Structure formats: structure tokens, C-alpha cells
Amino acid sequence: MNMPIPNCITEYVNQNNINKEFSPSNVILQIKKITVKPERVELLLSDTANIFPFYVQTQNVDPNLREFTIIKVNQFKIVKSLYFQILSYTVIGHTGSLFGNAVSLHPAYQKQQQQQSALQTNNNNNNNKNMNNNNNNNNNYMANKQSNQSRGSNAGTSSPPTGSMDTMITQIKNISNGISNPTIRATVRAKSTIKQWHNSNSGGSILNLELIDDSDEKNEIKVTIFGRNNENNLCVQIDEAIHVGSTYDFSNFKINPKNPNFNKLSHPCELTFTENTKYYVSSAPINAHTLYNFVKIADLTPPAANETNSPPIDLFGYVSNVSGTTSINRKATSNTDNANSTLLKCTFRILDTSAKSIDVTAFGQQAETISKQLNKGNIIAIKSAKISSFSKCSASITYSSTYEVNPPQLQQECQNLLMWVNSHGDDAECLSESYVAGGNSDDKDSIRCTVEVLPQLNLGNDPILTKNYVVVGTLSTLSNVSLTSNDQKSQYTGCSACKKKNCNCGQPQIKYYRATFRLQDETGSVLVDAFSGTVEKMLGANAERFFDQLTDEDRLQRVNEICSVPYLVRLRVTFPPPSSDNTYPPKWSVKSLEEYKGEPFNQCLTNLYSCGTLGYNCNILQQQQQQQQDPEQAME
């Protein structure tokens, strides 16, 4: 995808060009903002350095236009106030964020605004009423400021006042325990959600921030805020007042040595905000940006099995695949409030110029956010990713990680990587075993294969093969087991507590699903059993509601919907009782499944046959077949 071209429109911003038309060949810009009006659509377009005002007549608007879309302007006319009227344009593509660091209008428009402001000021000087109002506003602001200072904090306001503390600013890199009451000017890079903590004596809330400034090293520092669970909760006050991406002046905070178990940032200290901490929206913006130390994907190695605290690393890559969000079950533990709950996850694949790729997974709120921000073709920079041996070698975005999509300070690096991908393609060898971004924790010990492979595996004789299996395919119902009617073959009645037909729990009896599907891909088909939890997820309703409340037409529609899309299905094998004639083959049941949103279905099946993807399974089959044909030769 072409990127916006810096300064490609600047030469036309001239009063002498008003009412002239131009047909350039190299004006490529990105939409920062769209405003829809009855007769036209107004656009703020970025060339990565400055913002320019454009508009398109309503009848010429492409329905694909949205924020961050990149367009090529083929023909335009400059009208009054140096607005650009777009006469012809081409949509190049869509991205998840803005390239470059354009935050304000081009200086020519700023000068116009200043002239208009000066004219308005002169008019106001002739208007005593306006002057009195202004004086009253200033007096009110000073009174509020003094009131906040008398309380020791401005955390009680919904947003901090704009201004400056009029004192010497200390850079973050110079923060240490020996400094007395420094003031820092910093941008909020990240903010956690408010979490609860408790011990045997007390409890409360906790909120974390990450601040960065324009230091040339160690420009990041962690902030912790503790709050009481009452109406004056400090965490809630700061959470409402402080916003990610905004710059503030902070003072009256505590400085402590960092705890490396919970703080992976480069700075040796961390800060604690209290009720006495002061903060103001800075009137002097700074060029704050994250400092990275990228590691090439080809140089990554998974940690050893006994290595529990591997150092975080920084990654930079082209996004070649993004899965949707899926839910995983948290295991019950004695020290968590979220036992037996679900957690969102989102997995995506990145590659770099080392011609290698890796799967990266985000969890919780980060998963939900990144699934909306990230698209194939984006460039992502990840600070403090964690590398693990899961799926052989994979990365994850943890609570201490941050990321930027199309980072503006790395514009040249983004351009170089895009050029490399355009030249070499995005099908790089992946360090992670999963053949599709968006796997599951169940996949760690799974064998990925096609339907054709399943019956050929000698499951009973080799414990290595007694695992879970992952297959991409479609499902269809059997003619003699109907989910579309109240058929007893597709349901059973069991205990609402333990789900068993006969038990001593004494709990009410409810309906559960029991269904058999045919799982099919282009290599063959196999019968698989699916039980209540899996079928309930597929149909979006429990068995009681599905069979007793929905009409036959509604049931048919839902069944048709699940049979019309491919799934990534995780199978578990169940062995029959030993018998001399091996009359009964192993049974396959669905452990879990999710809608498959990876590469095109046919291409996925093609790739399963390639040695790079299915090589392990192919080797197993070859060894088994060779042993059956010539056992002695196979042993040699």
C-alpha cells in the first residue's frame, strides 16, 4: 500500500492559485477527520507533516471513505480561504491509524486563523461587555486554581486546567530518589483499568500509568495510584481526569525504587501519585515518543522450560493476519476473583525483513482494543513483548507491554518495511507452530491435520499421538439426527449441576444438547460428536430455549448458519474398550471450535499439504506406513 507523501500538496497552498484547477500525479494523502454536511463532505487530510482542509461534493463521495483511508487526489481546485475542492480521487486503501506526526493545520492556515483572531480581538476591545465577561472568567479560573492548590490536588476536577506550573521541568531520565519535589512534563502512554486489591487487613483500588517524555534515554516511568473504595476514590478521580495521549505537568509525587517483578520499564524508579499530587494540562507540547530496541524475528528463541522470568523484547513488524476475538476459559485458582470466568484473546501474525514471522497474542481489554485497531497491512511496534515456548515460539502483549500502530516517529522504518513486503510478499516462514493466527491454548499439544489424516494415525500404539487434533472444515447435520425439531436423538435430560443423567445431586433436571455432525474438508469427512457446551456456543442458545422456545423456522435458520461457514475444530479422541478384532474404531468428539477467519479456506487446505506446515504429521504417517511395509528397514 502506498503511504502519504510528505509535502506533496504544500506547493499549491498559495493565494495566487485560488480558482485554479490542478491535475497532479503524486498527491497521496490520508484522511484524519470526516465531517458530513448536507451539500458536501469536509475532509482534513494529512501528508504526515501537516493537515490540509479539503471537501468533496456529496454526489462524488465514495462510500468507502472513512478515517485513516489513504487516497490519491487526481484533480482538485483551490477555492476561497485556500480550501481544496476534490474533483477526482482514487481510494488506495484503509489503515488502522494515522501515519506521521501531523497534529495541526499547515502554517498558512494557522496564519489565517491568527489574522481572524486578531480582527476579533480588536472588535472585542470596543465591546466593554465582552471585556468584563473575560475578566470575570479569568477571576473565576484563578479562584478555582487557588481552591485546588489549597486542597493540595486538582484530582477532584473532571479535567485538569490548562496551563503550566511555571517552574523548572525535570526530564524523566534525571528522576531519582535524591531529587526534592521535581516537576515533570510527560505524555501519558498507557493507562490500566482500575483493579481491586485486598489482604487480611484492608483493601482498595489501584491504577497504573506509564509516562514518557522527550528524554534521549530512559524516558519512560511507571506511576501507581492507590485509592479507597469510597466516593473520593483517588483512582477514579485520576482515571476520569488523565487521558492517554495527552501531556501534563506533574509535581508533588513520591519517588520509589522500581519493583522489577511488576515493572519492566527501563527507568530504575517508579512514582506514586497521592492526594497531594498536582497535575495540569501542559501548555507546551513535547515530542514524547517511545524508545525501542527492536529484535529481528529471526533472532528470537523461546525461553528454556525452567526459565520463568525471561526479559521482554521489542518487536517491529508488518501485520499479515489478524484473527477476531475469541473467549478462553480461565482456570480456577485460590487467589483470583475471576475463577471459571472467560477471557478475550486476539492473535495476529507479524513479519519483518529477516523473512520470518511470529504469532502475537493479546488478552482482555487489550485484545478487544487491538482487534478493532489492527488490520492486515498495518505496521506495529511493540514495547516489552513476552516471548514464550507456547506453540513452539510465540509472543504475547502483557499488562506491561505497549504498542503503536503505524508509529509516526518510525515513518521511514515503516516505509522501508512496506517496500520490502511489496517486493518479497507476506508469506514468511513462521516461528510459531500454529498455521493460522488465532489459535487456542488447547493447540499447544495438538496435532494439526486434514480429515484424511485422522483415520490413518496409529493412535493406540504411540502415546505421542494420543493428543488433541485441529482440523479446519465445515459441519453438516445427519439426516437421522435433527436439530431442527424436538428430536430426542439430539438432546437428553440431565442434572443442572453435574449434567449427568443419573446422579444424587438432588438438583432440577434440564435439557442438554447431544449431536453428531459430519466434519468435512476437501480431503474427506468424519463423524464427530458435539456436546452441550460446544453446541450451545454454535447455536447461541441453551438446549432449553432452543427446543422449547424457538420455532421450527428459527431452529432451521440457526442450523443452516452454522453449516455455512468453515470452523477451526479441536477434536479429542476417545478409545473404545480393548477387543480382539478391533471392531470399534476410535470416536472423535469436539473439544472446542471457533469460526475460521484465517487465510482463504481452500488455500489453508493447500498449505496443510506443504512440508513446512504439515511436515510433522506427514513424517508420522510415512514412518507408520514404512513400519507396516518393512519393520526391519524402518528400525534401521
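**Exercise 1. Glycine 540 and helix 6**

Find what follows helix 6 in this predicted model, and work out where the buried residues of that helix lie.

*Solution.*
- Step 1: Start at the end of the helix. Just after helix 6, glycine 540 has a positive phi of about 70°.
- Step 2: Step back into the helix, which covers residues 532-539. Its buried residues include Ser532, Thr534 and Val535, and Met538 and Leu539 are buried too.
- Step 3: Recall some helix geometry. An α-helix has 3.6 residues a turn, so residues three or four places apart point the same way.
- Step 4: Apply the arc. The buried residues span only 165° around the axis, so they lie on the same side of helix 6.

**Exercise 2. The surroundings of isoleucine 380**

Decide whether isoleucine 380 is buried or exposed, and list residues that it touches.

*Solution.*
- Step 1: Locate the residue. Isoleucine 380 sits in strand 20, which runs over residues 379-388.
- Step 2: Check the accessibility. Isoleucine 380 is buried because its relative accessibility is 0%, and the cut-off for buried is under 20%.
- Step 3: Look at the contacts, leaving out residues up to four places away in sequence. Among them are Leu315, Phe316, Val319, Phe348, Ile350, Ile370 and Leu374. Gly317, Tyr403 and Glu404 are touched as well.
- Step 4: Add a backbone distance. Proline 407 is 27 residues from isoleucine 380 along the chain, and their C-alpha atoms are 7.3 Å apart.

**Exercise 3. A hunt for disulfides**

State how many disulfides the structure has, and explain why cysteine 430 does not form one with cysteine 393.

*Solution.*
- Step 1: Recall the chemistry. A disulfide is a covalent bond between the sulfur atoms of two cysteines.
- Step 2: Search everything. The whole structure yields zero disulfides.
- Step 3: Take one case. The cysteine sulfur closest to that of cysteine 430 belongs to cysteine 393, and the 8.8 Å between them is too far for a bond. For comparison, the cut-off is within 2.5 Å.
- Step 4: Turn to another cysteine. Cysteine 8 has 4% relative accessibility and therefore counts as buried.

**Exercise 4. Confidence and the whole chain**

Give the mean pLDDT of the chain, then say where pLDDT stays under 50.

*Solution.*
- Step 1: Begin with the average. The mean pLDDT is 75, and 72% of the residues reach 70 or more.
- Step 2: Pick out two stretches. Over residues 112-121 pLDDT stays under 50, with four contacts beyond four places in sequence. Residues 600-636 also stay under 50, and the model has 51 such contacts for them.
- Step 3: Finish with the overall picture. The chain holds eleven helices and 30 strands, and 43% of its 636 residues count as buried.

Notes. Residues are numbered from 1 along each chain as its sequence is written. This is a predicted model: local features need pLDDT of at least 70, side-chain atom pairs count only at pLDDT 80 or more; totals for chains, interfaces and linings use all residues. Side-chain values use heavy atoms; hydrogens and water are left out. Helices (H or I, at least four residues) and strands (E, at least two) are DSSP runs, numbered from the N terminus. Buried means under 20% relative accessible area, exposed over 50%, partly exposed in between (1.4 Å probe, protein chains only). The arc is that of the directions from the helix axis to the C-beta atoms. pLDDT is the predictor's confidence in each residue, from 0 to 100. Contact means heavy atoms within 4.5 Å.
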